[in-house]
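Grab a pencil and open the structure viewer. The exercises below go from one residue outward, and each comes with a worked solution.

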Amino acid sequence: MELYDVNEFWKFDLRVGLVKRAEKLKRTKKLIKLEVDFGKEQRTIVTGLADQYSPEDLEGKKFVFVLNLKPKKLSGVESQGMLIVAENENGKVYLLPVPDEVPIGTKVW
């Protein structure tokens, strides 16, 4: 395992966001488009979890997202961040919901 200085970690802007809307992207097997509220702004984020989760599993819940990544187009939709999840050695993905009392937009470290 490669080790990094803690200053590398601080470069990432991790924030709590509320998934306001989630929909599976047509003609894809894994992509779900999320409309996420971060308090001061809303972003579109595309995640590749549709093979393990439905849009309903995400909608209305709070999660941690990385916000300061370069935007990337996935199936014609610009993704403006990344959802943080856990994954085991067999490829099973686990959602990491944030408790309701944590305000949206809260910085995570």
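Let's start with Arg-43: at 17% relative accessibility, it counts as buried, because buried means under 20% relative accessible area, exposed means over 50%, and partly exposed is in between (1.4 Å probe, protein chains only). Before you go on, note that this is a predicted model, where local features need pLDDT of at least 70, side-chain atom pairs count only at pLDDT 80 or more, and totals for chains, interfaces and linings use all residues. Residues are numbered from 1 along each chain as its sequence is written, and side-chain values use heavy atoms, with hydrogens and water left out.

**Exercise 1. Find the salt-bridge partner of Arg-43 and say how far apart the closest N and O atoms are.**

Step 1: recall the rule, a side-chain nitrogen of Lys or Arg within 4 Å of a carboxyl oxygen of Asp or Glu.
Step 2: look around Arg-43, and you'll find Glu-41, with the closest N and O atoms 3.0 Å apart.
Step 3: check the cover on the partner; Glu-41 is partly exposed, at 36% relative accessibility.

**Exercise 2. Work out which residues are joined into one network by salt bridges that share partners.**

Step 1: the network holds Asp-13, Arg-15 and Lys-107.
Step 2: take one pair from it; the side chains of Asp-13 and Lys-107 meet at 3.8 Å, N to O.
Step 3: place the two ends. Asp-13 is in the loop between H1 and E1, and Lys-107 is in strand E10 (residues 107–108), so this pair ties together parts 94 residues apart in sequence. Helices (H or I, at least four residues) and strands (E, at least two) are DSSP runs, numbered from the N terminus.
Step 4: Lys-107 has a relative accessible area of 39%, so call it partly exposed.

**Exercise 3. Describe the salt bridge between Glu-8 and Lys-11, then give the count of salt bridges.**

Step 1: the side chains of Glu-8 and Lys-11 come to 3.3 Å, N to O.
Step 2: compare them with the cut-offs; Glu-8 is partly exposed at 37%, while Lys-11 is exposed at 52%.
Step 3: the count by this rule is six salt bridges.

**Exercise 4. Which residues line the second largest pocket, and how do they divide by class?**

Step 1: a pocket is an open set of points on a 1 Å grid over the protein atoms alone, where a 1.4 Å probe fits, with protein on both sides within 12 Å along at least five of seven lines; lining residues have an atom within 4 Å of a point.
Step 2: the lining is Asp-13, Arg-15, Phe-38, Gly-39, Lys-40, Glu-41, Arg-43, Leu-67, Asn-68 and Gly-105.
Step 3: sort them. Ala, Val, Leu, Ile, Met, Phe, Trp, Tyr, Cys and Pro count as nonpolar, Asp, Glu, Lys and Arg as charged, and the others, Gly among them, as polar. You get two nonpolar, three polar and five charged residues.

**Exercise 5. Take two residues other than glycine with positive phi, Arg-27 and Ser-75, and find where they sit.**

Step 1: Arg-27 has a phi of about 65 degrees, and Ser-75 has one near 50 degrees.
Step 2: Arg-27 is in the loop between E1 and strand E2 (32–37), and Ser-75 is in the loop between E5 and strand E6 (77–79).
Step 3: Arg-27 is exposed at 86% relative accessibility, whereas Ser-75 is partly exposed at 48%.
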